[in-house]
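Student: Could we go through the contacts between the chains in this one, pair by pair?
Tutor: Gladly; here it is.

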Amino acid sequence: MPELPAVPLTLEGSAVLHQMFQFDWTKWKQLPAHEQKEIAHEASELFAHWEHGPADKEHPNQSALFSEIGHKADLLLIHFRNTFEDLNRVELELAQLRLFAYLKPTHSYVSVVELGLYESSAKTYAALAEKGLEPGTPEWNAGIHEATARIGNSLASRLYPSIPPAKYLCFYPMDRKRGEEVNWYTEPMADRQKMMHEHGMIGRRYADSVRQIITGSIGFDDWEWGVDLFAEDPLVFKKLIYEMRFDKVSAVYASFGQFFLGVRLSAAHLSSWLHGKLGE
Amino acid sequence: MPELPAVPLTLEGSAVLHQMFQFDWTKWKQLPAHEQKEIAHEASELFAHWEHGPADKEHPNQSALFSEIGHKADLLLIHFRNTFEDLNRVELELAQLRLFAYLKPTHSYVSVVELGLYESSAKTYAALAEKGLEPGTPEWNAGIHEATARIGNSLASRLYPSIPPAKYLCFYPMDRKRGEEVNWYTEPMADRQKMMHEHGMIGRRYADSVRQIITGSIGFDDWEWGVDLFAEDPLVFKKLIYEMRFDKVSAVYASFGQFFLGVRLSAAHLSSWLHGKLGE
Amino acid sequence: MPELPAVPLTLEGSAVLHQMFQFDWTKWKQLPAHEQKEIAHEASELFAHWEHGPADKEHPNQSALFSEIGHKADLLLIHFRNTFEDLNRVELELAQLRLFAYLKPTHSYVSVVELGLYESSAKTYAALAEKGLEPGTPEWNAGIHEATARIGNSLASRLYPSIPPAKYLCFYPMDRKRGEEVNWYTEPMADRQKMMHEHGMIGRRYADSVRQIITGSIGFDDWEWGVDLFAEDPLVFKKLIYEMRFDKVSAVYASFGQFFLGVRLSAAHLSSWLHGKLGE
Amino acid sequence: MPELPAVPLTLEGSAVLHQMFQFDWTKWKQLPAHEQKEIAHEASELFAHWEHGPADKEHPNQSALFSEIGHKADLLLIHFRNTFEDLNRVELELAQLRLFAYLKPTHSYVSVVELGLYESSAKTYAALAEKGLEPGTPEWNAGIHEATARIGNSLASRLYPSIPPAKYLCFYPMDRKRGEEVNWYTEPMADRQKMMHEHGMIGRRYADSVRQIITGSIGFDDWEWGVDLFAEDPLVFKKLIYEMRFDKVSAVYASFGQFFLGVRLSAAHLSSWLHGKLGE
Amino acid sequence: MPELPAVPLTLEGSAVLHQMFQFDWTKWKQLPAHEQKEIAHEASELFAHWEHGPADKEHPNQSALFSEIGHKADLLLIHFRNTFEDLNRVELELAQLRLFAYLKPTHSYVSVVELGLYESSAKTYAALAEKGLEPGTPEWNAGIHEATARIGNSLASRLYPSIPPAKYLCFYPMDRKRGEEVNWYTEPMADRQKMMHEHGMIGRRYADSVRQIITGSIGFDDWEWGVDLFAEDPLVFKKLIYEMRFDKVSAVYASFGQFFLGVRLSAAHLSSWLHGKLGE
């Protein structure tokens with residue numbers, strides 16, 4: 001039997017951009033009220049359009065706005081789109097808003113919705129190998145293609161998700177460690193699959209209270225994955241991540257970037273926020 | 001007997017925000033005296049209101065102001081509130097002050113008051129296991145819920161604390177290490193419990209001279225915990241932390257962020273501070 | 001038989017400069033339309049000239065412009081030239097543009113096109129050693145010189161490449177690790193050669209969908225190598241890099257810098273971009 | 001015999017603040033000469049007052065000014081005071097100077113003069129233990145208190161030092177390592193004492209040419225200790241630190257922050273410095 | 001026979017300052033031509049004076065200017081002087097130029113020309129020990145003093161060097177590692193001497209095409225050494241450093257800072273550079 005690939009299959013969906021901004025309150029407050037009103041109106045219209053997504057949509061392709069807690073950002077925008085080119089168009093469109101003069105970019109994250117298929121990979125690789133196929137041959141590749149297409153169809157709504165309407169967002173990027181002794185990428189596929197399975201089991205227990213969207217960013221940004229958690233009760237973020245920190249894949253192999261915590265801000269409430277009011 | 005959870009129980013209380021600002025003295029000193037007076041008055045009123053907390057308060061929900069030593073910040077504000085949403089409201093309210101034009105955010109910290117229950121966890125897990133319950137079953141979860149509710153009630157004033165009125169504040173964030181050989185999260189629960197117990201014993205000996213509030217920030221900010229120490233004599237911070245640095249849990253497993261040292265500044269003294277005077 | 005050199009032969013070609021800029025939309029949008037038009041026209045002319053390369057060119061010596069996704073940069077320029085002095089001239093010429101007042105340099109990368117010759121090195125060293133030559137002797141050096149000149153001639157178009165016209169660019173710098181236990185530079189030449197061969201095999205499977213240009217930056221910039229990937233479908237960047245992350249040379253020995261993702265922007269479309277439109 | 005404490009005794013004296021500033025020459029040079037003169041005069045008077053220290057001084061409580069070499073700072077101020085509150089008053093007083101509009105804070109360091117008493121600790125702990133006392137008991141604590149008071153009296157001038165008048169200053173912060181294998185805080189007291197003794201022996205050989213003031217910053221700033229070296233000949237800094245780098249406590253356990261090198265600038269020469277002249 | 005010192009002898013010469021600046025082209029281009037001319041003239045005169053060095057010079061004491069490639073700096077100045085105080089005077093003098101309003105300091109490096117004497121140290125220590133002298137005794141110190149004075153005289157032109165007139169400069173700072181397992185400072189003197197000898201042998205082979213000046217910065221700046229390489233062909237920097245990266249002292253013990261690459265810019269060509277022309 002041939003050596004099976006070490007790389008798990010993945011499925012990719014929406015291209016995703018996180019944009020974090022500090023808001024220049026001092027400059028904003030110097031504006032006369034009627035200018036503030038015009039600027040807020042223009043921005044609210046665009047954000048409402050983005051919030052809703054395109055009319056003729058094959059995919060939701062929404063954006064969402066969050067009021068961030070702490071100095072790392074005042075506003076955070078998440079955009080889901082069909083392509084990276086479309087994300088770039090969103091950036092350019094935002095930059096044309098008059099409101100953009102009051103937004104200072106502090107962070108961003110570029111990634112793509114990713115479903116990691118550790119279990120399906122193992123099964124698919126084993127099944128193809130049992131048929132006597134060799135990795136890399138046209139027959140093998142056809143088998144892989146057939147399997148991922150089938151799985152992709154069944155998971156379309158997770159690959160091109162709507163943005164969950166929950167009150168709170170937690171976002172952070174992460175890596176798998178490649179240390180001198182602890183190295184995720186040299187662990188056998190079967191061990192990685194087992195650890196990911198246990199990891200997933202914890203997430204499943206929180207499924208009622210938290211929605212999770214994993215995006216992959218290898219080749220697109222400075223970490224390997226981005227994690228978005230959506231929940232009504234933000235304590236759930238802490239409970240979930242703390243519990244996961246003790247499972248093997250996180251305890252031993254995870255390396256975390258910065259954490260961002262925000263409160264959902266509907267486009268309809270942007271004008272109010274620009275007067276210093278949250279969600280009113 | 002089933003394998004007991006590796007995750008200790010925790011109780012959470014007030015949502016907490018630390019805000020650090022540099023003050024733009026040059027811009028401030030260019031203002032005419034009467035404008036300075038108006039701006040100082042407006043800010044003092046809000047800070048006095050926050051210092052006192054709401055009238056109809058179930059919890060203290062106070063804020064406190066500190067004059068920071070060193071260039072990392074000139075002013076530090078700590079806010080305790082019921083929810084993260086309320087903390088975001090505080091940020092927005094502060095940003096509407098005219099004084100905000102002279103404040104440059106340099107750091108912040110988002111966390112929640114946390115009581116770690118290593119000892120109670122061990123006892124509770126053992127008691128439930130002795131009853132033959134399995135972790136994760138509804139009966140187990142009910143037992144956990146009952147135990148934490150009971151402990152939470154008895155610790156309500158520590159979960160939603162008043163801000164100690166001490167003269168000096170020391171704040172720093174910290175992590176438990178997840179190194180290649182030294183990894184807190186893979187240590188057995190009993191060992192962690194023992195180390196935390198010894199750690200707590202040192203703190204207890206300093207209880208007369210220093211008040212400590214631990215906040216958890218997993219999922220909320222870039223470190224796992226924040227530590228606030230309040231004391232009349234700042235040398236106690238050094239004595240306490242230096243002694244702890246030799247206990248096993250700190251010597252081996254602690255990783256520290258930046259340290260902030262401040263002198264308490266009552267709202268009543270803010271105007272004086274804005275003229276360059278401390279506590280007069 | 002004498003000890004053979006540990007250093008693989010390399011061939012160098014074009015000097016290369018990556019320039020990353022944030023664009024000051026706020027300042028730009030304050031300009032009257034006719035000034036924007038003049039400034040855009042001046043910049044477009046220079047960029048068109050650079051895009052095409054010199055008329056009497058021995059080498060392509062082109063530049064290319066990309067619209068970047070995320071806050072790390074809004075625009076990225078890559079320049080290929082004969083010498084580093086010429087690159088410096090490009091920087092100075094760019095700085096004379098009126099458009100430069102709206103460009104804030106955020107990153108850059110200085111390197112030279114490099115072809116690593118692990119396989120040829122091994123063969124050449126062995127052949128010279130079999131003739132009884134000693135490394136470092138004039139005869140040895142003459143043999144090395146003759147071999148690299150021969151290879152260089154056959155690879156001239158790869159040493160002084162045209163810029164691939166693909167829609168997307170992925171750029172990142174990288175190092176080989178020199179850790180306490182894992183150290184690329186103390187591994188035997190034969191092992192390094194084998195790992196590089198396997199690494200190259202993966203790249204070869206992606207050759208239809210991605211063009212790769214490796215540049216060396218030892219002595220020129222803060223990382224050892226820069227990698228430019230060009231593709232029509234940006235998902236290929238992720239697939240390729242993720243697969244490579246599991247091969248030994250990357251899993252164990254690679255250390256990565258920041259990743260930059262851009263959409264090709266022809267000089268002809270710059271004016272349109274300056275009105276917030278991509279590729280129209 | 002009971003287990004003796006792992007923590008060495010320390011004595012603390014003056015609270016110390018280092019302030020580093022870049023000077024805005026461009027803004028300064030735009031001032032008319034008479035304004036420069038007024039501003040320089042005001043600052044020189046305050047600095048002269050601080051240089052001298054208070055008239056009715058129990059302790060020297062001086063400040064000193066240095067002209068820094070390199071871009072990390074143009075001016076560095078060291079302040080010794082009785083309390084941290086007094087240091088904060090110094091910061092506020094400095095900020096009221098008209099000169100402050102030309103000073104941009106780039107770094108700072110908050111610490112307290114510390115005398116580490118490894119040898120006395122060992123002797124005192126042994127003596128108390130021989131009397132049959134247990135660490136932590138009131139009798140033990142009384143014995144410790146008596147010993148440190150006695151030593152403190154004999155070292156008063158080192159705890160509250162005058163600022164040495166030497167021409168050059170070298171300042172840097174440092175930590176003792178807490179690595180996975182190399183951990184100062186888990187080494188036995190006797191080994192640490194021996195290493196510190198050898199370390200001190202080197203310093204003693206340089207005592208004629210360099211004055212050293214060690215300050216402790218655990219709980220106050222981001223490193224554990226600050227080191228100030230004062231010498232007429234700055235090459236002595238290099239000789240001393242290079243030689244120490246080979247002793248065990250530095251070679252194995254030291255971790256260093258940034259280094260700052262300055263030339264003493266008397267208040268009387270400040271006006272001259274503000275015209276670009278050093279020490280004239 | 002007594003234990004010989006672990007510290008190699010060093011000789012020190014010129015104090016050296018590297019200054020890196022970004023140039024504010026936008027602000028510069030707003031000046032009327034006659035002002036640009038005056039400012040350029042004033043700066044060119046000072047730089048020409050520095051380039052040449054003082055008339056009555058005991059040592060060359062020159063400065064040199066480089067046009068840097070990449071965003072880390074636009075201009076780099078190196079100054080060699082007799083003392084650090086003189087370097088500080090150079091900084092102050094530069095700051096008085098009208099051109100300084102267009103220079104933004106981005107980096108700097110403070111160091112002193114250093115000749116490491118590993119081979120002479122070993123011989124001298126052995127010779128003194130054979131005479132029965134003990135390290136640290138007056139007789140030993142006299143012997144050391146006599147030896148270093150003799151060597152210093154013979155190397156005066158390398159201790160106080162002229163600045164090589166080559167077209168390209170490569171500058172980078174570096175450390176020797178003090179890791180948990182790999183620690184230069186705990187290696188035996190004889191092993192370090194052997195590694196430094198092999199390292200030097202590589203440098204010697206490049207002596208025709210590259211001039212190297214090593215400066216020491218322990219106690220002066222954030223790294224231990226600075227390396228300046230001067231060459232007509234910048235590819236030599238890459239060849240030399242890449243080859244060295246495989247020798248043991250670099251492969252295992254070297255840690256590198258940022259790399260700066262510049263093209264020599266004579267004072268006579270500064271005005272031309274200020275119009276965007278290089279070397280014309």
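Student: How many residues does the contact take from chain E and from chain D?
Tutor: The contact, meaning heavy atoms within 4.5 Å, takes 44 residues from chain E and 43 residues from chain D. This is a predicted model, in which local features need pLDDT of at least 70 and side-chain atom pairs count only at pLDDT 80 or more, while totals for chains, interfaces and linings use all residues. Residues are numbered from 1 along each chain as its sequence is written, chains are lettered from A and ligands numbered from 1 in the order in which they are written, and side-chain values use heavy atoms, with hydrogens and water left out.

Student: And what area is buried between chain E and chain D?
Tutor: About 3,800 Å², of which carbon and sulfur atoms give 57%; buried area here is the accessible area (1.4 Å probe) that two parts lose on being put together, summed over both. On the chain E side, E:Arg178, E:Glu180 and E:Ile218 lose the most area to chain D, and together they make up 18% of what that side buries.

Student: What about salt bridges between chain E and chain D, how many?
Tutor: The count is 7, where a salt bridge is a side-chain nitrogen of Lys or Arg within 4 Å of a carboxyl oxygen of Asp or Glu. One of them joins D:Lys239 to E:Glu12, with the closest N and O atoms 3.0 Å apart.

Student: Which elements of chain E supply the side that touches chain D?
Tutor: Strand E1 (10–23), helix H3 (84–96) and strand E4 (103–116) of chain E each supply at least two residues, the elements being DSSP runs numbered from the N terminus (helices: H or I, at least four residues; strands: E, at least two). H3(E) gives the most to that side, with 9 residues. By class, the side of chain E that touches chain D has 18 nonpolar, 11 polar and 15 charged residues.

Student: Switching topic: what turn lays chain E on chain D?
Tutor: A turn of 72° with a shift of 0.0 Å along the axis does so, at an RMSD of 0.0 Å. The two copies are therefore related as by a five-fold rotation axis. The superposition is by least squares on the C-alpha atoms of residues with pLDDT of at least 70 in both copies.

Student: Which residue of chain E comes closest to the rotation axis?
Tutor: E:Glu180, whose C-alpha lies at 6.7 Å from the axis. E:Glu180 is also among the residues of chain E that lose the most area to chain D.

Student: Do tell, why do the copies meet through different surfaces?
Tutor: Only 5% of the interface residues of chain E are also interface residues in chain D, so the copies meet through different surfaces.

Student: OK, now chain B and chain A: how many residues are in contact, and what do they bury?
Tutor: In that pair 43 residues of chain B are in contact with 43 residues of chain A, and the two chains bury about 3,800 Å² between them, with 57% of it on carbon and sulfur atoms. B:Arg178, B:Glu180 and B:Ile218 lose the most area to chain A, together 18% of what the chain B side buries.

Student: Which salt bridge would you show me there?
Tutor: The rule finds 7 salt bridges across the interface of chain B and chain A, and in one of them the side chains of B:Glu85 and A:Lys167 meet at 2.8 Å, N to O. H3(B) gives the most to the side of chain B that touches chain A, with 8 residues.

How values were computed
Nonpolar A, V, L, I, M, F, W, Y, C, P; charged D, E, K, R; others polar.
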